[in-house]
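Visitor: I would like a close look at a single part of this model. Please keep it brisk.

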Amino acid sequence: MIVNSLLILGGMGLVFGVALAVAAKLLAVEHDPKVDMILGVLPGANCGACGYPGCNGLAKAISEEKAPCGSCLVGGSSVAAKIAEIMGVALEAGDGPKFSRLMCAGGKGIAKDIAEYKGIDTCAAANAVSGGFKACSYGCLGIGSCVRECPFDAMYMGEDGLPKIDDSKCTGCGKCVSVCPRKLLALRSAEEPVNVVCCSKAPIPKSKQDCSAVCIGCQICVKNCPTSAISMNGTVAVIDNSKCTKCGICVQKCPVKCIHNLFGPDSDLRVEA
Amino acid sequence: MAVRTFVGGIHPAQCKYACDAGTVTAPVPARVTVPVGPSWVGYKVLAPKGTEVKVGQKLADNEGFMCVPTHSPVSGKVVDAKPYRAHTGLEFLGITIESDGKQELCEGIAPVEDLDSMTPEEIRNVIREAGMLGMGGAEFPTHVKLSLPQGVKVDTVVVNGGECEPYLTSDHRMMTEKADKVVHGTYIVMRSVGVKRAIIGVEDNKPDAIAALTAAAGKYQGIEVMPLKSSYPQGYEKAIIKATLGREVPPGALPFSVGVVVVNVGTAAAISDRFTTGLPLIKRYVTVSGEAVSRPATVEAYIGTYASELVELCGGVKGELGKAIFGGPMMGVAVPSLDFPITKGTSGIVLLGRQQALFWKEMPCIRCGRCNEVCPMFLQPSEIHKYALAEDMARAEKLFAADCMECGCCSYVCPSKRPLVQSIKLAKQYALARRKK
């Protein structure tokens, strides 16, 4: 009795074992070992800031050469270097780490409101109601969709009604940039600190009434820039960062103070007489 | 027989205070800013800064099919022609004219004598040249509405005298006082699309308008005045087609797909004006009403007059102003100040008192489904709202968010005071932007 059962069960085990072993060989799924290696290097936060569904998705995309080695925004350059080593490619020379910066200085008391907004609590919704409640149709609405969108808790609303960025947490993922309905956030590296902090396209006499920090198009900065890095884009000055020497003259000369050092106090800039 | 109506809708308090006050004719304003458009991109300004203009002179034009010219409502001098932020918050090209008070007519303004010998195409051209836009509020170019695509046949013209928005009485006054013009305009529209039958649909809360129109319509063959149930949004194009003819316009389609052309009574009267007096569209009826207006009335005003002047004409602001709205309270646009000129589509200026403009606290959805019941487009506002708030616009679009006509019935009935229309508008904008791509 016992021998029979042992034989039947043992025999069945043997048959299934052999069948499974054969199937594992015949139907094996090819797996790129690089995926596991890259996954080991990635931070494993599964934040999705790279645009892929978690680190696994990105590792797969990198191994298939669908994404560049520097795609992980959280990991930064050290992770990028390790991934490049795994992939056996040279890391492309890029800028330093980028941080989100607000290109509007029209906070509370500086830019006027023309109406009171009550409704859905997102910037996109407020912007869609009669072109927004601010007198300036281009300035920051200060509702804070960007703050809520930030996956790294790197943004908060300042007391002046404008979003602030905590550089120790900002990874430059760009989610805030894409959520802003007025396109007021931009990614900047510490190499390009001097910026005109105004995006108004309104005609000047009107914009001047609406906001005291608006670029009035006086062109004093354009005339005073020693390296001709500043030009006019419509009514607003723009700085070409490849030419900027961070001398700080424009910051000092701007009559409405809308040119700022976005990385540290304005006094940090080397001012030449 | 039961009074005809559409399916869904609501019955807001009518508040038609300006109903019996008659019509006030506004004096010639000292300054007007005439908006160019519907969309001013590509418009050629024919009267730049400094030009002397006369009444009815063309100020700007664009050869595009969807465009109509703009005319000067006053005689005087053009002092400015530049973009301004209109009451909708969007930038518009505005031509500001300082009036000299003489109101001299431009040369070439003459009535059309031989209407009966004109071809439909010639009639449409006269309508376009007169700058006709839908005067119910949508500002859709009338000649475009009347130009049917090849192979499409229509059998009926529906003239929209619904005026279902609370407070507004401009169409009501128009139908009562100028019934002959409305009917004559209807006849011209019938000629321009070559149909033999027209229905003027009027809500049954306007018995005097129905009586006046019925008397006037007796002179023409095939024009019928039909009383409709007073219900909001009876004056919506697709609702009034359903009410008058029982036909349903498919989602995303235009009325001609069911053989109908719809024009507003104000537009019909303005068309008649063009044919009998030669004047293009430079005046319209505007209701100035609301709890915060001293003497609510309907004003016959020049296009481009500033709203503040019209409110002054009606005795100014009474008590505490809660909210100022261009258009009716259901679909109109709240404005930050009265310093905006009226456009061809401004049917009313409503000033709500503090008590009428309360902000309610938003509560969670209790899934009562009332919004779904009242939607005249048979959408599911509750569901679209949910997805739109979660920024899942693709799913909101699948629920036909783009077919919402923003009548506001859902927000009106919502016991939790949720911002249904606002969220659906966002989903609609997304859907329309995606379609354009």
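How many Å² do domain 2 of chain B and domain 3 of chain B bury between them, and what percentage of it is on carbon and sulfur atoms?

Guide: One caution to begin with: this is a predicted model. Domain 2 of chain B and domain 3 of chain B bury about 580 Å² between them. Of that area, 73% is on carbon and sulfur atoms.

Now the bounds. The domain assignment splits chain B into domain 1 (29-99 + 282-353), domain 2 (115-277) and domain 3 (370-436). Between domain 2 of chain B and domain 3 of chain B, the C-alpha centres are 29 Å apart. Each of these two domains puts residues into the contact: 7 residues from domain 2 of chain B and 7 residues from domain 3 of chain B.

Which residues carry the domain 2 side? B:Tyr232, B:Pro233 and B:Tyr236 lose the most area to domain 3 of chain B. Together they account for 61% of what the domain 2 side buries. By class, the residues of domain 2 of chain B that touch domain 3 of chain B are 4 nonpolar, 1 polar and 2 charged.

Next, the specific pairs. The rule finds 0 salt bridges across the interface of domain 2 and domain 3 of chain B. It does find 2 residue pairs in polar contact there, both residues at pLDDT 80 or more.

Chain B also has an interface with chain A. Chain B and chain A bury about 1300 Å² between them. Carbon and sulfur atoms hold 56% of that area. In chain B, the residues that lose the most area to chain A are B:Arg85, B:Phe359 and B:Gln422, together 44% of what that side buries. The contact involves 16 residues of chain B and 19 residues of chain A.

Here too the salt-bridge rule finds 0 between chain B and chain A. The polar count is 7 residue pairs, again with both residues at pLDDT 80 or more. Two elements of chain B, β16 (333-335) and α13 (420-436), each supply at least two residues of the side that touches chain A. Of the elements, α13(B) gives the most to that side, with 4 residues. The classes on the side of chain B that touches chain A are 7 nonpolar, 6 polar and 3 charged residues.

Back to the part you asked about. Domain 2 and domain 3 of chain B meet with 73% of their buried area on carbon and sulfur atoms, and B:Tyr232, B:Pro233 and B:Tyr236 lead the burial on the domain 2 side.

Definitions and conventions
Residues numbered from 1 in each chain as written. Chains lettered and ligands numbered in written order. Predicted model: local features only at pLDDT ≥ 70, side-chain atom pairs only at ≥ 80, totals over all residues. Heavy atoms only, no water. Contact = heavy atoms within 4.5 Å. Buried area = accessible area lost by both parts, 1.4 Å probe. Salt bridge = Lys/Arg side-chain N within 4 Å of Asp/Glu carboxyl O. Polar contact = N/O pair within 3.5 Å; in protein donor to acceptor, adjacent residues only side chain to side chain. Nonpolar A, V, L, I, M, F, W, Y, C, P; charged D, E, K, R; others polar. Domains from an automatic or database assignment.
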